[in-house]
Amino acid sequence: MDKLKSFFSNRWLVFVAAMWMQSCAGIGYLFGSISPVIKSSLNYNQRQIARLGVAKDLGDSVGFLAGTLCEVLPLWAALLIGALKNFVGYGWVWLIVTGRAPPLPLWAMCILIFVGTNGETYFNTAALVSCVQNFPKSRGPVVGILKGFAGLGGAIMTQIYAVIHSPDHASLIFMVAVGPAMVIIALMFIVRPVGGHKQVRPTDDMSFTFIYSVCLLLAAYLMGVMLVEDLVDLNHSVIIIFTVVLFFLLLVPFVIPITLSFFYLEPRISEEESLLSATQKHEAGKSEADANELIFSEVEDEKPKEVDLLPALERQKRIAQLQTRLFQAAAEGAVRVKRRRGPHRGEDFTLTQALIKADFWLIFFSLLLGSGSGLTVIDNLGQMSQSLGYDNTHIFVSMISIWNFLGRVGGGFFSEIVVRDYAYPRPVAMAVAQLIMAVGHLFIAFGWPGAMHIATILIGLGYGAHWAIVPAAASELFGLKKFGALYNFLTLANPAGSLVFSGLIASSIYDREAEKQAHQPHLMHQIPGSIFQGILGQDAPKCHGVVCFFLTSVIMSVFCVIAFLLSMILVHRTRIVYTNLYGKSRSSGLS
């Protein structure tokens, strides 16, 4: 009985359940698959679909209410609210698309999409809050894995949809409405803080390595399955077997809490906890003493440039000498020392304080241009692949979901190497991701053979990397005290970028090219039915060929290059911060 109780309060059980929950927090990535169904059923044009896409992005990014409710209510209650919002929003859309409910105006459809997708923010917030509290010393791996599973959710649900094998494409909307709600209700009493800081064991590193291995195996398996399903006409029984193996891989991490609860015999490391608490007390006393000192930030801001080139220990000695001289000069009345107004980079900021800092806006606009262009591709993936002559659009939705997952895991892993081993600013990894995305947009623009396959890889990797790098960089530059508010504000760059690229640029250019093709008689034989449907109003005009997204993709590629330049400016401005944060540990490690 004690072991069973220990099992249900095991922090690894909470983590595994949160991974499954996060698989349902990526339903927004399926919009590229359900948007063609909505477009054809409701006779929308591309501009109207883009409006729905922006509503989806807003629902996915506006998490202030979810964050507040997770602080006020029990987490299971907040999760239940999120599940109900998901079910009502997408369920009503399914009723309208299938003709079971009367059609609503576009603004009402935008509200339904917003409400349905906003349920994700409750899943995301509850999972992150629980696991960060349960793994306070392993926030990086925990957040990276959880955000990765959110990116992988689209591929998992697409594979489940392949098993349903329904000729009615609207059934995918039904699955998006019902599936996540069922999973969340089943797990809502498991995902919670369980005092995980008291459950430190020497096997934790091995457990994280095992989880990482399963994640990579899962991504590789899904990629292989999707490619086989795209290239070979498989029997339905084979697809069912593929899906059973997928569920097996999702259940494999469950081995960790079972093993630790029922078969682990070693005692927990009470010594490590006492050392940690002693260290925390020492740090608390140290920060309290620092708070009583007069901080001479001018020494850091206006010291000679050659000081930055010195080794960490020598640099600290030189700064201490400068501070001593400043003390003496101030005591003699030769200089007047002003108290610092507000925190400096690397310290704890409030949102108001961060909003007046250039570094914060560099991150925001770099994220807007880079991540916004990637989200535009995700939202319009169905129309992009159709315009280039691909029939099965679901394969590209699955591929970009998988590479998005690998981008999040890989972005966090490699950016950590950059800062830990080289004490170099983390945003340089974001700059590399934005260059990769710029190349991916060019592949779509020119429509080369295999362009969509390569573009989904490059754009998926780059887009995913943003969401592993930006949270870590923001916490390093602006502190952890008000990290929730800072991060929620930065996520608004995602729908803002989608509004600019998808709502204003992509949809307008697509509709203009579609109208041109609808009035060119020589395209009648190349695009059967499109002219008559456009003229008679039976369907919105469709665009075919490279021209549909050529200009849009070129524009997004150029903006990704601009985002790269903004990131490099941020790298230049923050080198000293990262040198101070990581240079000391690196120099001591080398010595």
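In this predicted model, cysteine 543 and cysteine 548 pair up as a disulfide, with their sulfur atoms sitting 2.0 Å apart. The torsion about the S-S bond comes out at about -95°, so this disulfide is left-handed. Both partners, cysteine 543 and cysteine 548, are buried. The count for the structure comes to one disulfide. Two further cysteines are worth a look: cysteine 110 counts as buried at 16% relative accessibility, and cysteine 215 counts as buried at 2%.

Next comes the surface. Leu442, Phe446, Trp448, Val546, Phe550 and Leu551 make up a nonpolar patch there, and together they offer about 480 Å² of accessible area. Helix H20 (427-446) and helix H25 (547-590) are the elements that each supply two or more residues to this nonpolar patch. One patch member, phenylalanine 550, belongs to helix H25. With a relative accessible area of 32%, phenylalanine 550 is partly exposed, since the partly exposed class runs between 20% and 50%.

As for aromatic contacts, a search through the whole structure turns up 24 aromatic pairs. Among them is the edge-to-face pair of phenylalanine 7 and phenylalanine 254, at 5.8 Å centre to centre and with 85° between the planes. Phenylalanine 7 comes from helix H1 (residues 2-8), while phenylalanine 254 sits in the loop between helix H11 (236-251) and helix H12 (255-262), so the pair ties together parts that lie 247 residues apart in sequence. The two rings fall into separate burial classes: phenylalanine 7 counts as buried at 9% relative accessibility, whereas phenylalanine 254, with a relative accessible area of 26%, is partly exposed.

Tryptophan 12 and phenylalanine 15 give another edge-to-face pair, because their ring centres are 5.8 Å apart and their planes meet at 65°, past the 60 degrees needed for that label. This pair stays within one element: both residues lie in helix H2 (residues 11-23), three residues apart, or about one turn of the helix. Tryptophan 12 and phenylalanine 15 are both buried. Elsewhere, Phe349, Phe360, Trp361, Phe364, Phe365, Phe478 and Phe489 come together as one aromatic cluster.

Finally, a polar contact involves aspartate 359, a residue of helix H17 (residues 358-379). The side chain of aspartate 359 is joined to that of arginine 573 by a polar contact of 2.6 Å. Aspartate 359 itself is buried, as its relative accessible area is 3%, with the limit for that class set at under 20%.

Definitions and conventions:
Residues are numbered from 1 along each chain as its sequence is written. This is a predicted model: local features need pLDDT of at least 70, side-chain atom pairs count only at pLDDT 80 or more; totals for chains, interfaces and linings use all residues. Side-chain values use heavy atoms; hydrogens and water are left out. Helices (H or I, at least four residues) and strands (E, at least two) are DSSP runs, numbered from the N terminus. Buried means under 20% relative accessible area, exposed over 50%, partly exposed in between (1.4 Å probe, protein chains only). A polar contact is a pair of N or O atoms within 3.5 Å; within protein, one must be able to donate a hydrogen and the other to accept it, and residues adjacent in sequence count only if both atoms are side-chain atoms. Patches are made of residues with over 30% relative accessible area and no salt bridge: like charges are joined within 9 Å, nonpolar side chains (Val, Leu, Ile, Met, Phe, Trp, Tyr) within 5 Å. Accessible areas come from the Shrake-Rupley method with a 1.4 Å probe; for residues, only the protein chains shown count as cover. A salt bridge is a side-chain nitrogen of Lys or Arg within 4 Å of a carboxyl oxygen of Asp or Glu. A disulfide is a pair of cysteine sulfur atoms within 2.5 Å. Rings of Phe, Tyr and Trp (its six-membered ring) pair if their centres lie within 6.5 Å; planes under 30 degrees apart count as stacked, over 60 as edge-to-face and the rest as tilted.
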